[in-house]
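Please work through the exercises below with the structure open beside the text. Each exercise sets a task and is followed by a solution in steps.

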Amino acid sequence: MSRKCEQCIASKLNSLKSLSKEELFRISNCKKTKFLKKGGILFDQGVHINGIYCIQKGVCKVSKMGDNGRDQILNFAKQGDLIGERSLISNEVSNLKAIAVSNMEVCFIPKEEIIRDLEKNTNFSMSVLKKMALSLKKSDDIIVDMAQKTVKQRLASILLFLEDQFTKDEEGEDIEINLSREDIASIVGTATESAIRLLSDFKKKRLIELRGRKIFVINRKGLHKLARGL
């Protein structure tokens, strides 16, 4: 049985917290809960989403396929994140796709319900706009990093980001996220072989530990220095 939006931890972590109890109650009655296994596609590039997804449990990677046919991972979404607002507001097909990197529980809220709240609740509208502005800022930062930072700097930054973001969820539970070396290379923007070599180098320098697919940061200070090019 899916939890009510007004009682849900996830809804308190995103723009939905700006809605009234009555609005949350209405959404609770129309949302649909979906469960995905690791590797499942939440939505694909080039399709109309026709609503937004609120992540209850788990993590998905958000990526875009380039002209060369390769996926570039742009972001990760976890508990409390909303996905799909940009396509909903622009009324265009999604230019991104989202794939589960762990088992997930998500709620789908239909487009007409969200549009109604965007039109009537200014606090909710402003919250959604602020979130979209932050996403655009993050995209700008990624472009600059790709142009100005070395692959080694980018990898160090990503490892610190992943440790900070995906150690625990808001309920204090461990988040199981095992990224392939191909995924790591995609985030950094390099060839898989280069990512593997750098990870081995980081291990030799005792910056990280490698246990199968799992990567454990053991020297944050050292990684911070690398990330800053020191």
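**Exercise 1. Domains**

Find into which domains the protein chain is divided, and what distance separates their centres.

Solution. The model is a predicted one, and its protein chain is divided into domain 1, which covers residues 5–138, and domain 2, which covers residues 149–228. Taking the centres over C-alpha atoms, one finds that 26 Å separate domain 1 from domain 2.

**Exercise 2. The open sheet**

Work out the order of the four strands in the open sheet, and explain why β1 and β6 each have one side without a neighbour.

Solution. Step one is to read the order, which is β1-β8-β3-β6, with antiparallel pairing. Step two is to look at the edges, where β1 (32–36) and β6 (82–83) stand; each has a single partner strand, and therefore one side of each is left without a neighbour in the sheet.

Step three is to follow β3, residues 51–57, to the strands that pair with it. With β6 the pairing is antiparallel and runs over two bridges: Tyr 53 has Ile 83 as its bridge partner, while Cys 54 stands opposite Leu 82. With β8 the pairing is again antiparallel, over six bridges, and here Ile 55 has Val 106 of β8 as its bridge partner.

Step four concerns the surroundings of β3: six of its seven residues are buried, so this strand is largely enclosed by the rest of the structure.

**Exercise 3. A cluster of rings**

Determine which residues are linked into a cluster by ring pairs, and decide whether Phe 43 is buried or exposed.

Solution. Begin with the count, since the structure holds two aromatic pairs. One of them joins Phe 43 and Tyr 53, whose ring centres are 6.0 Å apart and whose planes make an angle of 20 degrees, so the pair is stacked, as angles under 30 degrees count as stacked. Because Phe 43 lies in strand β2 (residues 41–43) and Tyr 53 in strand β3, this pair ties together parts that are 10 residues apart in sequence.

Next comes the pair of Tyr 53 and Phe 108, which is tilted, with 5.0 Å from centre to centre and 55 degrees between the planes. Tyr 53 belongs to β3 and Phe 108 to β8 (residues 104–110), so the parts tied together here are 55 residues apart in sequence.

Putting the pairs together, Phe 43, Tyr 53 and Phe 108 are linked into a cluster. For burial, the cut-off is under 20% relative accessible area. Phe 43, with 6%, is buried; Tyr 53, with 9%, is buried; and Phe 108, at 19%, counts as buried.

**Exercise 4. A charge over a ring**

Identify the ring over whose face Arg 211 lies.

Solution. The ring is that of Phe 216, and Arg 211 lies over its face at 4.1 Å from the ring centre.

**Exercise 5. Strands β4, β5 and β7**

Trace how β4 pairs with β5 and with β7, and name a bridge partner in each case.

Solution. Start with β4 and β5, which pair in the antiparallel sense over six bridges; one example is Lys 64, whose bridge partner in β5 is Gln 72. These two strands form a hairpin with five residues between them, and Gly 69 in the turn has a positive phi of about 85 degrees. Then turn to strand β7 (residues 97–100), which pairs with β4 in the antiparallel sense over four bridges, with Ile 99 of β7 as the bridge partner of Lys 61.

**Exercise 6. Pocket and cavities**

State how much space lies in the largest pocket, which element gives the largest share of its lining, and how many cavities of 30 Å³ or more are found.

Solution. The largest pocket holds about 1,100 Å³ of space. Its lining has 42 residues, and the closest to the pocket centre are Asn 75, Leu 82, Lys 131, Ser 135 and Lys 138. Elements that give two or more residues to this lining are β4 (60–65), β5 (71–77), β6, α2 (85–90), α4 (122–148) and α5 (151–165), and the largest share, 11 residues, comes from α4.

As for cavities, a search of the whole structure finds three of 30 Å³ or more. The second largest has a volume of about 40 Å³, and the residues that line it include His 48, Asn 50, Ser 87, Glu 92 and Lys 111.

Definitions and conventions
Residues are numbered from 1 along each chain as its sequence is written. This is a predicted model: local features need pLDDT of at least 70, side-chain atom pairs count only at pLDDT 80 or more; totals for chains, interfaces and linings use all residues. Side-chain values use heavy atoms; hydrogens and water are left out. Two strands pair if DSSP finds at least two bridges between them. Domain bounds come from an automatic or database domain assignment. Rings of Phe, Tyr and Trp (its six-membered ring) pair if their centres lie within 6.5 Å; planes under 30 degrees apart count as stacked, over 60 as edge-to-face and the rest as tilted. Buried means under 20% relative accessible area, exposed over 50%, partly exposed in between (1.4 Å probe, protein chains only). A charge sits over a ring if NZ of Lys or CZ of Arg is within 6 Å of the ring centre and within 35 degrees of the ring normal. On a 1 Å grid over the protein atoms alone, a cavity is a set of points where a 1.4 Å probe fits but cannot get out, and a pocket is an open set with protein on both sides within 12 Å along at least five of seven lines; lining residues have an atom within 4 Å of a point. Grid points are joined across faces, edges and corners, and a volume is the space filled by probe spheres set on the points.
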